[in-house]
Amino acid sequence: MSVVILDFGSQYTQLIARRLRELQAFSVVVPGTAPWEEIRGYQPRAVVLSGSPASAIDPDSPRPDRRLFDADVPMLGICYGMHLLARAYGGTVAPRRGHEYGRAQLIHQSGFLFDRLPQPLDVWMSHGDVVASIPPGWAMLASTADCPVAALSSSDGRKVGLQFHPEVAHTQDGAKLLERFLDLAGVDRTWIPETIAEQLVSEVRSRARGSRVLLAASGGVDSSVLALLLVRAGVDHEAVFVDHGLLRQGERQEVEAALRPLGVSLQVVDAADRFHAALRGIHDPEEKRRAIGATFIQVFRERAVALGQFRFLAQGTLYPDVIESAGVAGSANIKSHHNVGGLPAELGFELLEPLRLLFKDEVRKVGRILGLPDNIRLRHPFPGPGLAVRIIGEVTPEALDIARCADHEFIQALREEGLYNDVWQALAVLTPVKSVGVAGDGRRYGYVVALRAVTSVDGMTADWARLPHDVLDRVVARITRRVPEVGRVVYDITSKPPATIEWE
Ligand code: XMP
């Protein structure tokens with residue numbers, strides 16, 4: 001039982017899925033043009049038609065399977081999705097003079113959907129077309145100064161169209177509107193961490209019980225949750241943790257201390273020397289990544305072979321990766337971070353990807369149910385190539401020491417100030433720039449370290465974290481005192497886009 005979201009290419013489609021899941025309704029995203037058989041396969045309790053950069057008037061714009069409109073399933077059309085609904089049931093859509101973008105004030109009629117919501121309601125608009133006439137028998141529920149039909153519904157209330165975006169944070173009470181639609185549609189709210197964890201354990205058990213499973217443990221939350229699922233499912237497994245010498249301070253010990261007591265069969269491979277040798281003399285970021293990737297695969301393969309035969313390779317693929325690689329979202333600017341890419345085919349593994357329907361925050365919640373300690377569960381994301389992407393230029397043992405210490409001081413300070421969990425990710429970058437400073441009586445050249453802390457939902461976009469100035473002040477004092485090679489510290493206040501989170 002789920003809510004099926006038909007994606008017509010809106011930048012907000014993933015957000016709709018997230019919002020519905022926050023309301024404990026399981027939701028999946030499928031391409032807007034998916035055949036009815038595929039949609040029906042999900043046993044939809046409701047269907048959401050997303051927005052789109054396309055225009056419903058354009059004959060070449062993406063359309064849902066016609067049979068959807070004959071099915072007796074509740075539907076919510078958002079923006080373009082509302083235009084599709086209006087046209088399908090006999091209304092008309094017309095181009096608007098100019099695109100309306102941004103906040104608008106919605107005047108709404110009484111009725112279940114808008115009952116007891118503020119009047120007017122602040123909503124977020126982004127559209128070029130409008131509904132010119134509503135389908136026969138339908139009701140107009142709301143309007144704005146620039147948009148006469150900003151919400152409409154069928155006479156039985158089971159089909160609803162909204163011109164604005166209830167899924168974005170700028171829309172006041174957007175979650176309430178979505179919740180009311182779920183109520184109208186009679187959607188079950190069973191998507192809670194306990195049930196998700198139970199489902200995952202039983203899925204892993206039925207697929208992999210009786211087979212051996214290999215896992216690349218990274219110390220991150222995804223692979224750790226995966227390891228615990230294998231334990232809970234009673235699956236014979238080996239989790240291989242490659243210490244590439246590019247880890248954060250104390251990370252390896254922390255991972256061992258967290259996972260072994262929970263029953264994870266953890267193999268640690270100390271391969272720092274091999275990675276350091278592979279990185280010697282390399283300055284170019286892409287070449288560094290390639291050297292690390294190739295060495296990782298070599299080291300991992302050797303250990304895998306030494307451990308005997310495995311049927312499955314477990315990977316912590318998450319839902320955003322799945323949506324991206326299915327080409328659903330229509331934007332292709334996100335990297336995939338599979339650190340063991342290429343291995344499954346080469347070694348004849350089948351893939352086990354039980355987290356493929358989850359968002360990161362859901363993985364964290366499942367981790368709580370499975371007993372994953374908070375230091376791992378709530379840990380900031382850390383790139384597979386580790387500190388190598390946080391050292392600009394060659395990765396030398398000296399550079400690693402400086403980057404690792406600066407990172408440690410920054411992270412410790414955030415923890416002590418109680419701010420660690422308020423940011424999505426925080427990091428220190430060692431730049432190759434040396435600048436002048438004063439030490440005692442003399443002038444001294446020291447490295448410039450850049451601090452970056454960002455807020456984000458999924459790392460795809462990010463804003464720089466407004467850390468209090470006095471906290472930054474203490475962090476800088478701490479770093480310059482304890483890491484003497486650092487002469488100057490700067491704070492990065494660029495959002496993503498245009499910048500990325502890592503500097504590379
Ligand atoms: P960027 O720098 O592209 O990073 O804005 C987005 C998020 O991805 C992380 N990242 C990686 N994670 N392997 C990973 O597992 C990688 O190669 C990699 N590169 C970047 C980055 O830390 C941020 O959270």
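The lining of the second largest pocket in this predicted model divides into five nonpolar residues, 12 polar residues and one charged residue. The pocket itself has a volume of about 250 Å³. Its lining is made up of 18 residues, and those nearest the centre are S52, P53, C79, H99 and S126. Two elements, α4 (80-88) and β6 (121-133), each supply at least two residues of this lining. Of the elements involved, β6 gives the most, with four residues.

The enclosed space tells its own story. Rolling a probe the size of a water molecule over the atoms shows where empty space is left. Here the count comes to one cavity of 30 Å³ or more, and the largest cavity has a volume of about 30 Å³. The residues that line this cavity are L76, L113, V160, L162, L177 and F181. Two or more of the lining residues come from each of β9 (159-162) and α5 (174-185). In contrast to the pocket lining, with its 12 polar residues and one charged residue, the lining of the largest cavity holds six nonpolar residues, no polar ones and no charged ones.

On a wider scale, the domain assignment of the protein chain gives three ranges: domain 1 (2-185), domain 2 (193-377) and domain 3 (395-491). The centres of domain 1 and domain 3, taken over C-alpha atoms, are separated by 45 Å.

The cysteines come next. How many disulfides does the count give? The count comes to zero. For C147, the closest cysteine sulfur is the one in C79, and the two sulfurs lie 9.1 Å apart, which is too far for a bond because a disulfide needs them within 2.5 Å. C79 is also among the residues nearest the centre of the second largest pocket. Is C147 buried or exposed? With a relative accessibility of 0%, C147 counts as buried. C405, by comparison, has a relative accessibility of 28% and so counts as partly exposed.

The backbone offers a few details worth a look, beginning with the loop between β5 (92-108) and β6, where P120 is found. The peptide bond that leads from Q119 into P120 is cis, with omega near -5 degrees. R116 lies in the loop between β5 and β6 as well. Its phi is near 60 degrees, a positive value in a residue other than glycine. The side of the chain on view here is easy to place: R116 has a relative accessibility of 73%, and therefore counts as exposed. The strand that follows this loop, β6, is the element that gives four residues to the lining of the second largest pocket.

Similar backbone features turn up in the segment after β18 (486-491), which is where P498 has its place. The peptide bond from P497 to P498 is cis, with omega near 10 degrees. E504 is found in the segment after β18 too. Although E504 is not a glycine, its phi is positive, at about 65 degrees. Where does E504 stand in terms of accessibility? E504 counts as partly exposed, since its relative accessibility is 21% and the buried class is kept for values under 20%.

Terms used:
Residues are numbered from 1 along each chain as its sequence is written. This is a predicted model: local features need pLDDT of at least 70, side-chain atom pairs count only at pLDDT 80 or more; totals for chains, interfaces and linings use all residues. Side-chain values use heavy atoms; hydrogens and water are left out. On a 1 Å grid over the protein atoms alone, a cavity is a set of points where a 1.4 Å probe fits but cannot get out, and a pocket is an open set with protein on both sides within 12 Å along at least five of seven lines; lining residues have an atom within 4 Å of a point. Grid points are joined across faces, edges and corners, and a volume is the space filled by probe spheres set on the points. Ala, Val, Leu, Ile, Met, Phe, Trp, Tyr, Cys and Pro count as nonpolar, Asp, Glu, Lys and Arg as charged, and the others, Gly among them, as polar. Domain bounds come from an automatic or database domain assignment. Buried means under 20% relative accessible area, exposed over 50%, partly exposed in between (1.4 Å probe, protein chains only).
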